[in-house]
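Work through the exercises below with the sequence and the model at hand. Each task is followed by a solution in steps.

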Amino acid sequence: MATVEIITTMYNDSLLAPLFRKHYSFADRITIFYDQETSDNTLDFISGQSKVKIIPFRFPDKFDDEIKMSNMNKHFIKTQCDWVVGVDSDEFVFYPQGGEMILDLTVFLDDLGPLINAVAARMLDIYRHVDDKDLDFSQPPVFQRRHGNAPLFPDKINWKYVLLKNDAAAYWSPGCHRLRNLPTGLSLANFFIRKGLLPGRRRRMVQLYPFMDLMLAHWQKADPIIVKERFIKTRKGRMGAKNLERGHADYYLSAEEDAMMATCRDHEHDPQLF
């Protein structure tokens, strides 16, 4: 059976942390880069488990996507697991099969064979439906919110390359929307690895799984309480200078609470996605 490590970053995530831990409980290791500027009780929900490794850190100037992804990429090349899943704290990957939602990704990974070493998941924006109940933080999230917005046309589908095998000659770009080539090139990287100058295993060219079997439930706006307490209060004013320069903060800066809550209401009758 394939071994799996989850890598994420958390900041003021007390609402999502228990759901995240529940959803990815199948994993052999969960590594959390814990932003020490956190001011809520996120740590209470993620500490105290042997499979959870917490790595405290601080951004030098508020939130920076490049630093966040650099942390995750550096950890990926040292993983001892067969596969690594790189996700945000509001992203829940699962495998829909035969009308069921399978959370244990090893069911999917064990059937891939030896060649595939990268898998993308189709990203679905999840919203609270008018018939949904209040969140139960002791239960997996994807069973509680199943409605939302999913583009149908191929050019509009949002893919995230969240699964990498430990021999993939690639690393994540911010948001995991693209894979980047190794900066040294494949041959030179393997030379350094053989000489013990780089950590990890020998790398090979990316062989991407060609089908859209995996889903990623994006919970940024899955409930009004998440929008208000997490997105508006702790994310909007958190963007660092580098993110502002790169244009990575535009969406957050333009977000207003009344408009975001109106968006949630507009999606109360969205179709069931899974």
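The exercises cover salt bridges, aromatic pairs, backbone angles and surface charge.

The model is predicted: local features need pLDDT of at least 70, side-chain atom pairs count only at pLDDT 80 or more, and totals for chains, interfaces and linings use all residues. Residues are numbered from 1 along each chain as its sequence is written, and side-chain values use heavy atoms, with hydrogens and water left out.

**Exercise 1. Determine which parts of the chain the salt bridge of Asp35 and Arg238 links, and whether each residue is buried or exposed.**

Step 1. A salt bridge is a side-chain nitrogen of Lys or Arg within 4 Å of a carboxyl oxygen of Asp or Glu. The structure holds 15 of them. Between Asp35 and Arg238 the N to O distance is 2.4 Å.

Step 2. Asp35 belongs to strand β2 (residues 29-35), while Arg238 sits in the loop between α6 (224-235) and α7 (241-246), 203 residues apart. Helices (H or I, at least four residues) and strands (E, at least two) are DSSP runs, numbered from the N terminus.

Step 3. Asp35 has 1% relative accessibility and so counts as buried; Arg238, at 11%, is buried too. Buried means under 20% relative accessible area, exposed over 50%, and partly exposed in between (1.4 Å probe, protein chains only).

**Exercise 2. Find the salt-bridge partner of Arg145 and the network that contains the pair.**

Step 1. The partner is Asp223, with the closest N and O atoms 2.5 Å apart.

Step 2. Arg145 is in the loop between β7 (118-127) and β8 (147-149), and Asp223 in the loop between β12 (214-218) and α6, 78 residues apart. Arg145 is buried at 0% relative accessible area, and Asp223 is buried at 5%.

Step 3. Salt bridges with shared partners join Arg128, Asp132, Asp134, Arg145 and Asp223 into one network.

**Exercise 3. Classify the ring pairs Phe20 with Phe92 and Tyr209 with Phe211.**

Step 1. Rings of Phe, Tyr and Trp (its six-membered ring) pair if their centres lie within 6.5 Å; planes under 30 degrees apart count as stacked, over 60 as edge-to-face and the rest as tilted. A search of the whole structure gives 13 aromatic pairs.

Step 2. For Phe20 and Phe92 the centres are 6.3 Å apart and the planes stand at 55°, so the pair is tilted. Phe20 is in helix α1 (residues 17-23) and Phe92 in strand β5 (residues 91-97), so the pair ties together parts 72 residues apart in sequence. Phe20 is buried at 1% relative accessibility, and Phe92 is buried at 0%.

Step 3. Tyr209 and Phe211 are edge-to-face, 5.6 Å centre to centre with 75° between the planes. Tyr209 is buried at 15%, whereas Phe211 is exposed at 53%.

Step 4. Ring pairs also link Phe20, Tyr24, Phe26, Phe92 and Trp219 into a cluster.

**Exercise 4. Compare the surroundings of Lys62 and Cys176.**

Step 1. Lys62 is not a glycine, yet has a positive phi of about 55°. Cys176, also not a glycine, has a positive phi of about 60°.

Step 2. Lys62 is in the loop between β3 and α3 (65-76), and Cys176 in the loop between β10 (170-172) and β11 (179-181).

Step 3. Lys62 is partly exposed at 41% relative accessibility, whereas Cys176 is buried at 4%.
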